[in-house]
Amino acid sequence: MNHGYDFPRQIQFANQEEKQEFSKFPTKTGRRSLSRSISQSSTDSYSSAASYTDSSDDETSPREKTQVNSKGSSDFCVKNIKQAEFGRREIEIAEQDMSALISLRKRAQGEKPLAGAKVVGCTHITAQTAVLIETLVALGAQCRWTACNIYSTQNEVAAALAESGVSVFAWKGESEDDFWWCIDRCVNVEGWQANMILDDGGDLTHWVYKKYPSVFKKVRGIVEESVTGVHRLYQLSKAGKLCVPAMNVNDSVTKQKFDNLYCCRESILDGLKRTTDVMFGGKQVVVCGYGEVGKGCCSALKALGAIVCVTEIDPICALQACMDGFKVVKLNEVVRQMDMVITCTGNKNVVTREYLDRMKNGCIVCNMGHSNTEIDVASLRTPELTWERVRSQVDHVIWPDGKRVILLAEGRLLNLSCSTVPSFVLSITATTQALALIELYNAPEGRYKQDVYLLPKKMDEYVASLHLPNFDAHLTELSDEQAKYMGLNKNGPFKPNYYRY
């Protein structure tokens, strides 16, 4: 797909530490082991009360099972291939609210713009992602897929993808070792080599650089959708180590303003309600970070009557928070009074052990950023603290004096670990990802250098236009005279690249 426009180059961020930190669930004599607690939680309902729940307490690791789909293939590793039929229904439900992505699929499947593309993907494996994967397949791609988060996989959806012929390696409740093993199985396969990467968080890209750098000789480009992954790409670019073009989907308008803002505005409440049944009215809440995710969280919590304050490092975001009616504070000034602490920064050690020690009994602590580094969970793995798993993804961490802090998803991404996210808003991001893959895969040699690029405004506008029919929205068209007066093309783009929505 040749659009005939040049992508603006994004400014590079300051260097940040690349290595992601993982921590393990502590085991105690007489308590369940890590593998048991994880296998137990992985059979819990993921998406709704009607979701698939396996009545047998199956402790066998998926890695130790030999499973075969109806076509005789065993090139996958999921919790239980027998859940495929249920997963198919979940995917069909998601499709109903992702009409724009389905529309793109129907428009482009005749010309097969991804014919010959071999896409290796590392994202959350949910019904919505499955609609994206199956769209890529319909457009001609071969896909191998793994999970970017150990808790967010819908087992039944992974089974449905495996049944349909996608080589998927993921299950809910993987260990750290499982996580990297699954990534390795996607990349390291005889007779198949990826030529496109779709990443969420940068772990797949990191693994390929670390273990299989020769793969980049065939890769035409990387599409990355998270703040964390984009940071990593800019670090590689700054160090002169980025050896293929990369598309920064995270900073496209359709991702920032819709997925980050509107998705989090709805899913923060969903995740908190499902895990804690908390009442929001009158609760004291601090939200760390007032970017698009923080804005969405604050808006939702305020609407239900919570008393919300914000922490910020950026004076512009801080001023926005003030103008929106939120008090901007330092965490150490308010942590003793808070009923909830929510991180949305993409940084590390935002909530340290010092802050956790000072929290009041019953304080709920959770993270809405992609990475699990924002809350220093590792500092809680000490002998004097007792951990109680009270329900799936909910731990009570108990201090010697009996104080309890309620930690959700072990500090990992709350909404995708503990609830679902709206299909419609994910359709916007998924459509953007699909177009970015098509653009990079079909770009003539030389259009993209070994650097990080933003999506062009025209593509953002196209993605938005695909979603307007859902609302029966009718755009006004400029007259020739108006277009000339504004200095615009009647068909867009309608805003300069520096415009901030």
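Good morning. By helices and strands I mean runs assigned by DSSP, helices having at least four residues and strands at least two, numbered from the N terminus. In those terms, the chain before us holds 17 helices and 15 strands. Please keep in mind throughout that this is a predicted model.

Let me begin with the chain as a whole. It has 501 residues, and 55% of them count as buried. The chain exposes about 21600 Å², of which carbon and sulfur atoms supply 50%. Turning to contacts, consider those in the chain with a separation of 6 or more: residues 24 or more positions apart account for 72% of them.

I now come to the annotated positions. An unreviewed UniProt entry lists under "binding site" the residues Gly 291, Glu 292, Val 293, Gly 294, Lys 295, Gly 296, Glu 312 and Asn 415. I shall take two of these in turn, Gly 296 and Glu 312.

Where does Gly 296 lie? It is found in helix H10, which covers residues 292-303. Gly 296 has a relative accessible area of 0%, and because the limit for buried is under 20%, this glycine is classed as buried. Setting aside neighbours within four places in sequence, the residues in contact with Gly 296 are Leu 261, Cys 264 and Arg 265.

Glu 312 belongs to a loop, the one that runs between strand E8 (307-311) and helix H11 (315-323). Is Glu 312 buried or partly exposed? Its relative accessibility is 22%, so Glu 312 counts as partly exposed, given that buried requires a value under 20%. Not counting residues up to four places away in sequence, Glu 312 touches Gly 289, Tyr 290, Gly 291, Cys 317 and Ala 318. With Tyr 290 there is a specific approach to report: the side chain of Glu 312 reaches the backbone nitrogen of that tyrosine at 2.7 Å.

My last residue is Ile 125. It sits in the loop between strand E1 (118-123) and helix H4 (127-138). Although placed in a loop, Ile 125 counts as buried, at 0% relative accessibility. Which residues does Ile 125 touch, leaving out those up to four places away in sequence? Among them are Trp 145, Thr 146, Ala 147, Leu 161, Val 168 and Ala 170. Val 168 illustrates a contact between separated parts of the sequence: Ile 125 and Val 168 are 43 residues apart in sequence, while their C-alpha atoms are 9.2 Å apart in space.

Thank you for your attention.

Note on methods: Residues are numbered from 1 along each chain as its sequence is written. This is a predicted model: local features need pLDDT of at least 70, side-chain atom pairs count only at pLDDT 80 or more; totals for chains, interfaces and linings use all residues. Side-chain values use heavy atoms; hydrogens and water are left out. Buried means under 20% relative accessible area, exposed over 50%, partly exposed in between (1.4 Å probe, protein chains only). Contact means heavy atoms within 4.5 Å. Accessible areas come from the Shrake-Rupley method with a 1.4 Å probe; for residues, only the protein chains shown count as cover. UniProt positions are given in the numbering used here, feature names are shortened, and annotations may be inferred rather than shown by experiment. A polar contact is a pair of N or O atoms within 3.5 Å; within protein, one must be able to donate a hydrogen and the other to accept it, and residues adjacent in sequence count only if both atoms are side-chain atoms.
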